[in-house]
Amino acid sequence: MSSKPMNFKLLIDGSMIDGVATVDIINPADESVIAQSPVGDEALLNRAVEAARRAQPAWAATPLAERGDCLRQLGVAVAEQEAEIAQLLTLEVGRPLPLAHYEAQLVQKSCAFYSEQRLDMEVLHEDEAMTVTLLRVPLGVVAAILPWNAPLYLAINKLAPAVLAGNTIVLKPAPTSPLATLKLGELVRDIFPPGVVNIITDRNELGAALVNHPAVNKVAFTGSTVTGQKILESAAKSMKKVTLELSGNDAAILLPDVDVAAIAPAIIFGAFFNSGQICAVIKRLYVHEAIYEQVCEALAAGLSQAVMGNGMDPDVMFGPIQNAAQFEKVKGFLEEARQTGKIVCGGEVPPGKGYFVTPTLVRDISDGSRLVDEEPFGPILPIIKYRDIDDAVARANASSFGLGASVWSADTALAEQVAARLEAGTVWVNQHCAIDPSIPFPTSKKSGMGVEAGRAGLLEYTNLKVVNVKK
Ligand code: NAD
C-alpha cells in the first residue's frame, strides 16, 4: 500500500462525498487506527435512497447487455486494483493476505458470472387467439446490509445480480469494516451512471432506517439471525421483499472409514478458515468413536504447525478476531468450553495488543453445551463422539440452524446417502465451505430465507410478470 494517507468517501448519486463525521477503523491485529471512515446520518441515507429511486427507471430501461458490460468493467477494475483491495481487507478484517486476495478474486468472478446472465422473456402460450409471455422485471430500489466478516464478497453478491436485473442499490457495510467497500465505490463511480450504486456507512444505527425507508423495495441482508428477525418484522409492515443470509452452526460428520491423516488439513481449513469467522465453516465436528482419538491427535498436530498473527506477515495462517465486541464473545465461549469439555490444543488469549485467540479444539463435549448448540463465530471447534450414524444425523439435524453441513468418507456413494438426510442449504462431501459465486448458496431453518449467488440469486432480484394478450 502506498504511504499516502488513505482517504475514504461515501458514494451518493455518483459523487464521492464526506460524511457528517468520521470514525476510527481499527486494525484487529494490533489495535492501531488504519484510517478514518466517513459516517452518514439519516439525511444522507435519504439522499442515497432518493438518488437510487430517481436513477432506477432509466437504468431499468438500459439494455441488459449494457448493464452487464458495466459489471464486466467493474470486475476488470477490481482485478487492476486487487493488491490495494486485498491489503485493505487484511487491515480491516484481519485475514491473511492470500485469503484477502482470494476474496478479491471471488469478487471478480462474481462480476464476470453475472455480467453474462440474461433474463430473456419466455413465451408461455401462442395461438391465433392469444399470446402469453413471462417477463422478469426489476423490483426497484434494493437496500443491501452487510456484516464485517467477508465485506466485499457479500457486497458484490448483492450488487451484481441487483443491478444486472435493472434495480438500483444502496449498500451499507458493517461499521467496523467499511474500507474495502468504500474503495469499491470509487471504481463504481467511474463505471455506472449516478445513483445506480450508492454506499452509506454508519455507527450501527442506520440499518433500521434503511429497512424502513418507503422507497426501498427489497432488503438483501447478511448477518446474524437476531438482526435478520428484526428486519423481517419491519419489512412485513411495508411488504418489502427480503433475502436473509443468517447465522450458521454447520455440522461435519466423519464416517469411520475416512483416511484421517489425509483429510485433517481440509478439516482444519473447513473449520478455521478466517479464524472461524465465516457463516459456513465447520462449527460442530461429529466423529465416529473408532477414529475419535486419531482425529483429535491429527487435528492437534496440524494446528500445532499453524502460525497465528498479523495477516500482513507472509507465514501467518490465522488472523485475529475482527472486532473487540466479537473478541469478548469468543472469550466467553472459551471460558464455558473449559467447564463443559476438555481443551485439546489452543485455548489461549496471548497478552498484548490484538484480538487473538489461538485455534482451539475441545473434546469430550456434547450437545447441550453452548459451544455445540450456538455459533461462537471464532476459532473454537467442538469434537463430538458418536457411535451410530443415525444418531449422528439426528444430532446434526437437531440444530435450529441449517446453513451448511458436510459428510466425510472414503465411500463417496455412502457419504452422498448421508448427505441427502442432512437438513442444510448446502451439504458438501469430503470438503466444506467450497463456495463460488456461480453456485447458489441456499439457506434453511433460522439460517435465513431465500438464496444468494448463482442464477437463483439473480432471480431473487426480479418479479415475475405475465403479459396476456387477446388477439
Ligand atoms: P449483525 O447482524 O450484528 O450486523 C450485520 C449488519 O446489520 C451490520 O451492517 C449492522 O450495522 C446491521 N444492523 C444492525 N442492526 C440492524 C437493524 N436493526 N436493522 C438493520 N440492520 C441492522 O451481524 P455481524 O455481527 O456483523 O455478522 C456476523 C453474523 O453474520 C454471524 O452470525 C454470521 O453467521 C452471519 N453471516 C452469515 C452469512 C451467510 O451468508 N449466511 C455470511 C456472513 C456472516
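K445 is partly exposed, with a relative accessible area of 35%; the scale used here calls a residue buried under 20% relative accessible area, exposed over 50% and partly exposed in between, with a 1.4 Å probe and protein chains only. K445 sits in the loop between β19 (441–442) and β20 (448–449). Helices (H or I, at least four residues) and strands (E, at least two) are DSSP runs, numbered from the N terminus. The phi angle of K445 is near 50°, which is positive although the residue is not glycine.

A word on the model before going on. It is a predicted one, in which local features need pLDDT of at least 70 and side-chain atom pairs count only at pLDDT 80 or more, while totals for chains, interfaces and linings use all residues. Residues are numbered from 1 along each chain as its sequence is written, and side-chain values use heavy atoms, with hydrogens and water left out.

E31 also has a positive phi without being glycine, with a value near 65°. Its place is the loop between β3 (21–26) and β4 (33–39), and E31 is partly exposed, at a relative accessible area of 29%.

**The ligand and its surroundings**

Let us turn to the ligand. Its shell holds 30 residues, and L146, N204, S224, T227 and E375 are the closest; a residue belongs here if one of its heavy atoms lies within 4 Å of the molecule. By type, the shell divides into 17 nonpolar, nine polar and four charged residues. In this sorting, Ala, Val, Leu, Ile, Met, Phe, Trp, Tyr, Cys and Pro count as nonpolar, Asp, Glu, Lys and Arg as charged, and the others, Gly among them, as polar.

Which elements each supply at least two residues of the shell? They include α7 (207–212), β10 (218–222) and α8 (225–238). Domain 1 (10–246 + 447–470) and domain 2 (250–437) each give at least three residues to the shell, the bounds coming from an automatic or database domain assignment.

The table lists polar contacts of the ligand, that is, pairs of N or O atoms within 3.5 Å; within protein, one atom must be able to donate a hydrogen and the other to accept it, and residues adjacent in sequence count only if both atoms are side-chain atoms.

| Ligand atom | Protein partner | Distance |
|---|---|---|
| oxygen | L146, polar backbone atom | 2.7 Å |
| oxygen | N204, N or O atom in the side chain | 2.5 Å |
| nitrogen | A208, polar backbone atom | 3.5 Å |

Taken alone, the ligand exposes 870 Å², and the protein buries 88% of that. These accessible areas come from the Shrake-Rupley method with a 1.4 Å probe; for residues, only the protein chains shown count as cover.

**The nonpolar core**

The largest nonpolar core has 92 residues. Such a core is a set of buried Ala, Val, Leu, Ile, Met, Phe, Trp, Tyr and Cys residues joined through side-chain atoms within 4.5 Å. The residues with the most contacts inside this core are L74, L159, V163, I169, L171, F192 and V197. Helix α5 (residues 151–164) gives the most to the core, with 10 residues. Here, too, at least three residues come from each of domain 1 (10–246 + 447–470) and domain 2 (250–437).

**Pairs across the sequence**

Is N249 buried or exposed? At 2% relative accessibility, N249 is buried, and it lies in the loop between β11 and β12 (250–254). The side chain of N249 reaches the backbone oxygen of D373 at 3.2 Å.

V137 belongs to strand β6 (residues 130–138) and is partly exposed at 23% relative accessibility. Its C-alpha atom is 5.2 Å from that of T462, a residue 325 positions away along the chain.

E42 is part of helix α1 (residues 42–61) and is partly exposed at 48% relative accessibility. The C-alpha atoms of E42 and E205 are separated by 9.3 Å, with their positions 163 residues apart along the chain.

M239 lies in the loop between α8 and β11 (241–245) and counts as exposed, at 73% relative accessibility. From M239 to K218, 21 residues apart along the chain, the C-alpha separation is 9.1 Å.

Lastly, G354 is found in the loop between β14 (342–345) and β15 (360–363), where it is buried at 4% relative accessibility. G354 and L124 are 230 residues apart in sequence, and their C-alpha atoms are 60 Å apart in space.
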